[in-house]
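Biologist: I'm new to this one and I'd like to know what stands behind the labels people use. Can you walk me through it?

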There are 2 protein chains.
Amino acid sequence: MANEKEKTEVRREQIARAALDVMARRGVRGLSVAALARSVGLVPSAIYRHFPSKDHVLDLVLDQLREHLLANVEAVQAERADALEALHALLRRHVKLLRENQAIPLLVFSDQIYSGRAERKTKMHAILQSYLAAVGDLIRAGQQARSIQSGVDPAVAAVLFLGLVQPAAILWHLSEGGFDVTRQAERAWRIFAKAMRRP
Amino acid sequence: MANEKEKTEVRREQIARAALDVMARRGVRGLSVAALARSVGLVPSAIYRHFPSKDHVLDLVLDQLREHLLANVEAVQAERADALEALHALLRRHVKLLRENQAIPLLVFSDQIYSGRAERKTKMHAILQSYLAAVGDLIRAGQQARSIQSGVDPAVAAVLFLGLVQPAAILWHLSEGGFDVTRQAERAWRIFAKAMRRP
DNA sequence: GTCTTTTGTGAATGTGCGTTCACAATATAG
DNA sequence: CTATATTGTGAACGCACATTCACAAAAGAC
């Protein structure tokens with residue numbers, strides 16, 4: 001079935017990638033070991049050469065997600081001096097990330113997280129926390145640089161920042177791709193920025 | 001097992017209620033027919049006296065959700081003249097609804113919706129759409145009454161309104177109830193209202 | 001080249017769970 | 001009070017699916 005043998009490290013990446021693809025097409029529930037293997041061009045049992053269990057595949061996906069999110073934060077910090085502009089750029093990157101990995105919202109909200117092993121719930125929580133902390137720091141920096149109002153609580157605003165995209169992502173899935181997330185995020189940003197910007 | 005026989009209409013309500021309870025405790029994946037039956041004090045097969053399938057239980061839960069959401073909108077329309085105050089009251093009711101039915105976010109985001117029968121996904125979409133439409137109408141009314149800025153797109157703001165709560169609800173679940181949704185919603189509202197209110 | 005390790009295969013196992021069905025108990029109608 | 005409909009029970013069926021295992025093939029070491 002496999003065209004050729006591959007090193008485990010290569011396969012692990014392929015499998016994590018395939019997991020996202022399968023979930024994007026068939027939903028989280030549709031991610032069976034069989035479907036996963038088929039998508040990579042392997043036989044179900046071969047998955048276990050590279051992962052001790054299906055759970056560990058999702059763990060790797062989550063690890064990659066965390067790295068991607070934090071890389072986005074670092075990138076916008078490096079390329080934008082103004083905090084509000086950095087946040088705006090981060091929002092665009094966030095939307096791009098979700099558009100290119102449509103399964104992410106499905107996974108993040110899935111009961112694979114909430115009913116699964118407690119460790120995974122903890123891991124997901126940690127990912128969100130570190131992202132929120134980074135966004136909060138960005139906002140705090142903006143307040144010190146006098147470009148963001150000092151009255152807003154950075155932690156509160158960071159959570160609201162997530163809210164600029166989250167409902168839109170849900171709508172995008174419910175509408176089978178008919179809802180324009182990019183447009184919604186851009187317009188919601190204007191509202192958000194209006195309240196954040198210092199007069 | 002059952003203390004006594006009950007009419008189907010009573011049982012259906014009990015079962016729908018129990019479904020939310022079980023999901024709140026064990027997650028959506030933990031909602032087995034067995035767990036559901038046990039929670040009502042029945043034997044698994046008895047569920048099928050009142051519902052043709054487990055799917056139909058969730059359908060009823062969704063129907064009740066829609067009614068509850070729309071009832072909230074009508075209530076705040078009746079009790080508040082000012083649109084922004086009505087929206088604020090709606091937010092509080094929304095938070096209360098989620099706090100009293102902790103399983104709602106889990107269900108709404110679950111793959112029971114996204115990987116299940118297409119009809120349920122459609123139904124969920126319709127529920128969200130009608131809620132968003134109602135919120136949009138509220139905002140439009142506020143614009144005509146000159147209490148809300150005319151520059152904002154009501155549809156965009158309605159989606160953002162959902163974003164005031166949605167990430168908070170996720171965090172609440174991830175933190176095992178440690179995150180204060182009410183507080184977050186209240187403070188996020190101030191930011192939101194600042195951008196919406198007419199100067 | 002031979003030996004060892006790594007990767008892939010196909011069949012089999014076990015389990016959880018939705019659903020069905022024949023039968024029992026209770027309520028309702030006439 | 002009797003007949004019928006409604007509701008509840010326990011056992012059994014079947015299916016989807018994660019996981020295991022003995023064996024095969026390719027890669028790497030020496």
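Modeller: Let's go label by label, keeping in mind that this is a predicted model.

Biologist: What makes the two copies related as by a two-fold rotation axis?

Modeller: Chain B lands on chain A after a rotation of 180° with 0.0 Å of shift along the axis, and the RMSD is 0.0 Å. The copies are thus related as by a two-fold rotation axis. The same surface serves both copies, too: 100% of the contact residues of chain B recur in chain A.

Biologist: Which residue of chain B comes closest to that axis?

Modeller: That's Gly163(B), with its C-alpha at 1.9 Å.

Biologist: Why is the pair Asp63(A) and Arg66(A) called a salt bridge?

Modeller: The cut-off is a side-chain nitrogen of Lys or Arg within 4 Å of a carboxyl oxygen of Asp or Glu. Asp63(A) and Arg66(A) have N to O at 3.8 Å, so the pair counts. By this rule there are 31 salt bridges over all chains.

Biologist: How far apart are those two along their helix?

Modeller: They sit three residues apart in helix 3 of chain A (residues 54-79), so about one helical turn separates them. In general, residues three or four places apart on an α-helix point the same way, because a turn takes 3.6 residues. As for Arg66(A), its relative accessibility is 29%, so it counts as partly exposed.

Biologist: How do you know that Glu176(B) and Lys121(A) pair between chains?

Modeller: Their side chains meet in a salt bridge at 3.3 Å, N to O. Glu176(B) is in the loop between helix 9 (166-174) and helix 10 (181-196) of chain B, while Lys121(A) belongs to helix 7 of chain A (residues 118-144), and the pair crosses between chains.

Biologist: Why is Glu176(B) called exposed?

Modeller: Exposed means over 50% relative accessible area, and Glu176(B) has 61%, so the word fits. Lys121(A) is called buried because its 13% is under 20%.

Biologist: What makes Asp153(A) and Arg187(B) a pair that joins two chains?

Modeller: Asp153(A) lies in the loop between helix 7 and helix 8 (154-163) of chain A, and Arg187(B) lies in helix 10 of chain B, so the pair joins two chains. Their closest N and O atoms are 4.0 Å apart, and they form a salt bridge. Asp153(A) is partly exposed at 25%, and Arg187(B) is also partly exposed, at 30%.

Biologist: Which residues do shared salt-bridge partners join into one network?

Modeller: Asp55(A), Asp59(A), Arg117(A), Glu119(A) and Arg120(A). Over in chain B, Asp59(B) lies in helix 3 (residues 54-79). Leaving out residues up to four places away in sequence, Asp59(B) touches Arg117(B), Arg120(B) and Lys123(B). With a relative accessible area of 11%, Asp59(B) is buried.

Biologist: How do you know that the span of helix 10 of chain B agrees with what's expected?

Modeller: At 1.5 Å a residue, its 16 residues should span 22 Å, and the end C-alpha atoms are 22 Å apart, so the two agree. At the N-terminal end of helix 10, Asp180(B) acts as a cap, with a side-chain oxygen 3.2 Å from the backbone nitrogen of Thr182(B).

Biologist: What covers the buried residues of helix 10 of chain B?

Modeller: Those buried residues include Trp189(B), Ile191(B) and Phe192(B). The cover includes helix 8 and helix 10 of chain A, along with helix 4 (83-100), helix 7, helix 8 and helix 9 of chain B.

Terms used. Residues are numbered from 1 along each chain as its sequence is written. Chains are lettered from A and ligands numbered from 1 in the order in which they are written. This is a predicted model: local features need pLDDT of at least 70, side-chain atom pairs count only at pLDDT 80 or more; totals for chains, interfaces and linings use all residues. Side-chain values use heavy atoms; hydrogens and water are left out. Copies are superposed by least squares on the C-alpha atoms of residues with pLDDT of at least 70 in both. Contact means heavy atoms within 4.5 Å. Helices (H or I, at least four residues) and strands (E, at least two) are DSSP runs, numbered from the N terminus. Buried means under 20% relative accessible area, exposed over 50%, partly exposed in between (1.4 Å probe, protein chains only). The expected span of a helix is 1.5 Å times one less than its number of residues. A polar contact is a pair of N or O atoms within 3.5 Å; within protein, one must be able to donate a hydrogen and the other to accept it, and residues adjacent in sequence count only if both atoms are side-chain atoms.
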